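This report walks through selected features of one protein model. Please keep the sequence and the 3D view at hand while reading.

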Amino acid sequence: MEQMDDIFSGLNDRQSEAVRNVDGPCLVIAGAGSGKTRVLTYRIAYLLSLGVPAYNILALTFTNKAAAEMKERISRLVGEDVARNLKMGTFHSIFAKILRMESAALPGYDSNFTILDTDDVKKQITQIITSLNLDKDTYKASKIASIISKAKNDMILSENYEGSSMWQLDRMNGMPAVASVYKEYSQTCRKTNSMDFDDLLLLTKLLFSMNPAVLEKYQRLFRYILVDEYQDTNSCQYQIIRMLAHPDNNLCVVGDDAQSIYSFRGAKIENILNFSKDYPSYKLFKLEQNYRSTQMIVNAANSLIMKNKRQIPKKTFSEQECGEKIKIVETPTDAEEGIRVATMISSLIDNGEQYSDCAILYRTNAQSRILEEAMHKKRIPCKIVKGMSFFQRKEIKDLVSYVRVIINPQDELALMRIINYPARSIGSTTVEKLTTLAKNYNLGLWDVMCQVERTGSLFPTATKTKILGFVALMQEFMASRQEADAYSLLNRIVEKIGIREALQKEYTHEEAHEREQNILELLNGAKEFVEDELDPESIYLHNYMEKIALLTDIDEEDTENPNKVLLMTVHAAKGLEFKHCFIVGMEENLFPSLQVDSASEREMEEERRLFYVALTRAKQTVTISYALTRRKWGDLIASAPSRFLSELDEEYVDGLKKMSRFDADTQSFGDYSARQGGFSSYGTQRRGQTSFGEHNSFRSGGSFGQYGASKPQQFSSPTRNTGFSSAPEKPFAHYGENTQKQQQPQTIIPSNPNDIAVGQRVLHAKFGVGTVKEKMGEDANMAVIIAFNNWGEKKLLLKFAKLQIVEN
DNA sequence: TATAATGCCGCATGG
DNA sequence: CGGCATTATA
């Protein structure tokens, strides 16, 4: 216990209470940078010190990174020997292990099931859509995949899908056959002994709810449960936790509702908001002191997040230095934005900072390329985190597919991938015949291949020989998978199938070399895995596969120069911290994303939380930038500053005032377009998105004043420099109305703009009724300032505003 | 059957 | 623009 006293001396009072309170339900609201991981690890150490066996403690995280960090920190506290026995890992990995153990209770599955990644799922669904003769334009695989995923997150099984509200929605959207695709997909998964990521959760939920004895076994095993990032749990995870914690409810959930950013994959912020209802005897601990960021950053972030209505009240604060104000930077183009950021980083370096002190955060991965280019231009070493995941690379997927088939021969996605790669003359006609046979005899593709001798004269002898040769090759691997360790077997596979030779043939020298390096890296990973594994029973290929199936990236920092600027999405940055953060692309239709429905408060609040996450990654400085124009699919489009910028309290921000107003008088936007010269060229218009060119239109939502109508708009005037209204004098003066009233768009019969006069009462689709205060500019640039009842004064361009004169 | 050429479509966010 | 799937051609 003396050791424990030391531990407590490193904690503040709140943290210490949260650590000591081990019995019963407990909710720890951990603000950004408040020492969340510290509390979790110390709590586990404390439990161990009380005599709770390690194997009785279950700790669930969302990311491998978080799990690894926690493992390491606990090992340091209690030693590796003890820490090894903790049940700690991501939801997906822990549940996958349980499902393998209990596969006997899962109809259709055995313990060797394959875990499908998103690409596999899409491929599988594409096949099903084709086989059901559905129109692949109406039924887009990615869309269907996300519908099915959503159904699974909401625990709607394929057999119950028909008649559900989702099914009704499909019908309204002209996709009544999603139900059949879902059914067929589930059957295929079972037939091929495969599960997707959602199944790992859903099937665990089903396993427990349908097998009380199994559930009880795990309830007894997991006597103390800790859940990290509870605000990101979905319905499935929530239910499983609830079941497992029963009846003692020694459940400690840690999270921050202000950082809930995963609703797109089913996370329900209600889970954390309603914890008190689910567990009335719960204890609440709020960690509100931020040890990471300057006061300026914490205050600015608070000023933003207070705009969200749905949240647990808390006041985070910092006792660090006051710090510099947040800087806002405007550039004419996205390319220049990158250069500006690079220049700023260079001057930080000149002042003695390290590259690794800096991170560039963006909303979408698509932004990474141009930033990377800018870094290269300015000779700044950088690394894109998760640009393309290691395991997504073609050569790795190919090799992994061999492993998948060796472990699970029913895995047809993998089998199809490798059946003729590297080329072995089993072409598409042959494969087609084989799949037809499989269908007719209701067998797996692999089974048919094994029995190809019995197919009479269907195949030429040469073809039969090829097939049998492949079968023999694979069987040889299968036979040794319990004997040879993962590394030696993988090595043998690489040699025998001749994948390196195939790469040499396929690609140029350099590219082939790079791809070979990736293969070698996978081999190295396997070698490390085998060497590090202490349990001699867990060094086999399926053990390694289990590990990598749930990995999305590989750590390669150890050997390389770690002093690099990191580029990543805000989502990827969650949980990390950097001395200097550059948040780029802070524009309407990018951040907040184009995809979010401006009218949906729920979605907008999540975007705001995402911005909050971005801000709170920084320890010392935050620089936010946006570009006035941006290339998308090669087309130039206009952007307006993000509405979130105006939501930051001016007190903590530099540059808010200087932001581009685009108003008629300054001609600022016109200047840019002239200088860029790009606007006058002809672009193409696709799918309702407009680019500069034939319509000289732009899809920006306009400025703060107009953001209610921020979806891409099409304007038909050749002048574009005045397409934005000016920012309101007091950006937040009318905030309350903005978020609280979801006004129904009103039907507007636009009056002749020439009839609009000062003093007149007018109706606007978004802003409702207001009085015309001032009329300015001339002709096409004619603008009016209108005082709206609920939205304050707005400056609108007459030709776009669609105003209806209201008779008094 | 293998490779080159063309065409289409995508940009959320991730385990 | 760039990746991937389908088609054209040898």
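What should the 14 residues of helix α11 span at 1.5 Å a residue, and how far apart are its end C-alpha atoms? The model is a predicted one. Helix α11 covers residues 178-191, and the expected span is 20 Å. Its end C-alpha atoms lie 20 Å apart, which agrees.

**Helix α11 and what follows**

The buried residues of α11 are Val-178, Ala-179, Val-181, Tyr-182, Tyr-185, Ser-186, Thr-188 and Cys-189. For Cys-189, the relative accessible area is 3%.

Cys-189 can also be looked at for its sulfur. The structure holds zero disulfides. Cys-189 is accordingly in no disulfide, and the nearest cysteine sulfur, that of Cys-236, is 15 Å away. From the side of Cys-236, the closest cysteine sulfur is that of Cys-189, and the 15 Å between them is too far for a bond. A disulfide would need the two sulfur atoms within 2.5 Å. Cys-236 counts as buried too, because its relative accessibility is 1%.

After α11 comes Asn-193, with a positive phi near 55 degrees. Asn-193 is part of the loop between α11 and β5, the strand of residues 194-196. Is Asn-193 buried or exposed? Its relative accessibility is 3%, so Asn-193 counts as buried. Apart from residues up to four places away in sequence, Asn-193 touches Gly-108, Tyr-109, Asp-110, Asn-112, Phe-113, Thr-114, Asn-408 and Gln-410.

**Helix α25**

Helix α25 runs over residues 486-497. At 1.5 Å a residue, its twelve residues should span 16 Å, and the end C-alpha atoms are 16 Å apart, in agreement.

Which residues of α25 are buried? They are Ala-486, Leu-489, Leu-490, Ile-493, Val-494 and Ile-497. Seen down the axis of α25, these buried residues fall within an arc of 140 degrees, so they line one face of the helix. The cover over them includes α20 (394-407), α24 (461-479), α26 (499-506), α27 (509-532) and α28 (541-549).

Both ends of α25 can be described. At the N-terminal end, Asp-485 acts as a cap: one of its side-chain oxygens lies 2.9 Å from the backbone nitrogen of Tyr-487. The residue that follows α25 is Gly-498, whose phi is positive, near 70 degrees.

**Salt bridges**

Side chains of opposite charge can pair when their charged atoms come close. A search of the whole structure finds 40 salt bridges. Three of them are listed here.

| Pair | Closest N to O distance |
|---|---|
| Arg-220 and Glu-216 | 2.5 Å |
| Arg-310 and Glu-605 | 4.0 Å |
| Arg-404 and Asp-411 | 2.6 Å |

Where do Arg-220 and Glu-216 lie? Both are in helix α13 (residues 212-221), four residues apart, which is about one turn of the helix. Arg-220 is exposed, with a relative accessible area of 58%, while Glu-216 is partly exposed at 36%.

Arg-310 and Glu-605 meet in a salt bridge. This pair links distant parts of the chain, with the two positions 295 residues apart in sequence numbering. Arg-310 sits in the loop between α17 (295-305) and β10 (317-318), and Glu-605 belongs to helix α30 (residues 601-615). Arg-310 counts as partly exposed, at 28% relative accessibility. Glu-605 counts as buried, at 2%.

In the pair of Arg-404 and Asp-411, Arg-404 is buried with a relative accessible area of 5%. Asp-411 is buried as well, its relative accessible area being 0%.

Salt bridges also join into a network, which links Lys-36, Asp-228, Glu-229, Asp-232 and Lys-574.

**Gln-367**

Gln-367 is located in the loop between β12 (358-362) and α19 (368-377). Its relative accessible area is 5%, so Gln-367 is buried. A polar atom of the Gln-367 side chain lies 2.9 Å from the backbone nitrogen of Thr-364. What else is Gln-367 in contact with, leaving aside its neighbours within four places in sequence? The residues in contact are Tyr-362, Val-584, Gly-585, Leu-590 and Arg-630.

Methods:
Residues numbered from 1 in each chain as written. Chains lettered and ligands numbered in written order. Predicted model: local features only at pLDDT ≥ 70, side-chain atom pairs only at ≥ 80, totals over all residues. Heavy atoms only, no water. Expected span 1.5 Å × (residues − 1). Buried < 20%, exposed > 50% of the residue type's maximum accessible area, 1.4 Å probe, protein only. Arc of directions from axis to C-beta. Contact = heavy atoms within 4.5 Å. Polar contact = N/O pair within 3.5 Å; in protein donor to acceptor, adjacent residues only side chain to side chain. Salt bridge = Lys/Arg side-chain N within 4 Å of Asp/Glu carboxyl O.
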